[in-house]
Amino acid sequence: MEPLYLTSITCICCETTYKTSRVRPSFKKPSNRDTDFCSHYKTDFNPDYYVVRVCPRCGFASTENGAERMTDAQKKEYYDSFGNRWIYRDYGGDRTKEQALECYKLALICCGIINEKPRVVAGLLHHIAWLHRYDGLQEQEQRFLRFALEAYVNVFETEGGSLNNAKLMYLIGELHRRVGEPRKAVQWFSRVVNDKRITDASMIRASRDQWQMIRENNNNVLYEDEPVAMNA
């Protein structure tokens, strides 16, 4: 069985139906997963390469979590800003890391034009950081982790009431840790542990583990708002 299969997508901008590749579920088993949910695969067919769908006709790029329709005004803005300069390009087959990165950056352009939801933008930025991590490009990874962190904080401030706050808060803490801001990381991990409304045991446990790692790596320095009941 081939790892990739084709699925049909109807572009929300030009309404063209096109084919895009996805990785079969049986090939999506990661060999390991980082603490910010970045998955690593032994196979060459990384599912992260195929998250973004790009219309070959007009160039509009999106994800399955993005907007389901565009207004006439948004379509005009897209064509005026970018679409009229698009040259036919098909990303429907196998993708290299470089092509995957191009697709993510196209999706960011489109998100900016149609004012996409903050959580979609945050996810794109985070995935770009992962692509750089796969190649060991630490400077670029750090750059996009900071962009993603800022975007996730925006998500928390604007959409927090409708999302899994525990996972989002943990992720904000973990990205603070990864960009070298342990004090801010501890503050977010503490919020997950100490908020009695949060019952997500896996995120509480992960927050405790990461706080403990910070403490051990910083000579047991105590931070303000440190999580309580660390041994619970």
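This is a walk through a predicted model, from its overall layout to its pockets and its cavity.

Before setting out, note that residues are numbered from 1 along each chain as its sequence is written, and that side-chain values use heavy atoms, with hydrogens and water left out. Because the model is predicted, local features need pLDDT of at least 70 and side-chain atom pairs count only at pLDDT 80 or more, while totals for chains, interfaces and linings use all residues.

Let us begin with the whole protein. Its C-alpha atoms fill a box of roughly 55 × 40 × 30 Å along the principal axes. Inside that box are seven helices and six strands; these are DSSP runs numbered from the N terminus, with helices being H or I over at least four residues and strands being E over at least two. Follow the chain from the N terminus and you meet the elements in the order β-β-β-β-β-β-α-α-α-α-α-α-α.

The N-terminal part offers a hairpin to look at. Strand β1 (residues 4-10) and strand β2 (residues 17-23) pair in the antiparallel sense over seven bridges, where pairing requires that DSSP finds at least two bridges between two strands. Two of the facing positions are easy to find: Y5 has R22 of β2 as its bridge partner, and I9 stands opposite Y18 in β2. Six residues lie between the strands of this hairpin, and E15 takes a positive phi near 70° there.

Now step back to the domains. The domain assignment gives domain 1 (4-117) and domain 2 (164-221), with bounds that come from an automatic or database assignment. Their centres, taken over C-alpha atoms, are separated by 31 Å. Four residues from domain 1 and nine residues from domain 2 take part in the contact, which means heavy atoms within 4.5 Å. Together the two domains bury about 480 Å², with 63% of it on carbon and sulfur atoms; buried area is the accessible area (1.4 Å probe) that two parts lose on being put together, summed over both. On the domain 1 side, T35, D36 and F37 lose the most area to domain 2, together 95% of what that side buries.

Next come the open spaces. On a 1 Å grid over the protein atoms alone, a pocket is an open set of points with protein on both sides within 12 Å along at least five of seven lines, whereas a cavity is a set where a 1.4 Å probe fits but cannot get out; lining residues have an atom within 4 Å of a point. Grid points are joined across faces, edges and corners, and a volume is the space filled by probe spheres set on the points.

The largest pocket has a volume of about 840 Å³. Of its 29 lining residues, N65, R119, G123, H127 and Y152 lie nearest its centre. Two or more lining residues come from each of β2, α3 (118-134), α4 (138-159) and α5 (165-178), and α3 gives the most, with seven. Both domain 1 and domain 2 supply at least three residues to this lining. By class, the lining has 14 nonpolar, six polar and nine charged residues; Ala, Val, Leu, Ile, Met, Phe, Trp, Tyr, Cys and Pro count as nonpolar, Asp, Glu, Lys and Arg as charged, and the others, Gly among them, as polar.

The second largest pocket holds about 180 Å³ of space. It has 11 lining residues, and N165, A166, D195, R197 and I198 lie nearest its centre. Here α5 gives the most, with three residues, and the lining divides into four nonpolar, three polar and four charged.

Finally, a search of the whole structure finds one cavity of 30 Å³ or more, with a volume of about 60 Å³. Its lining includes I12, F60, C110 and V120. Both β6 (61-62) and α2 (97-114) give two or more residues, and α2 gives the most, with three. Eight of the lining residues are nonpolar, three are polar and one is charged.
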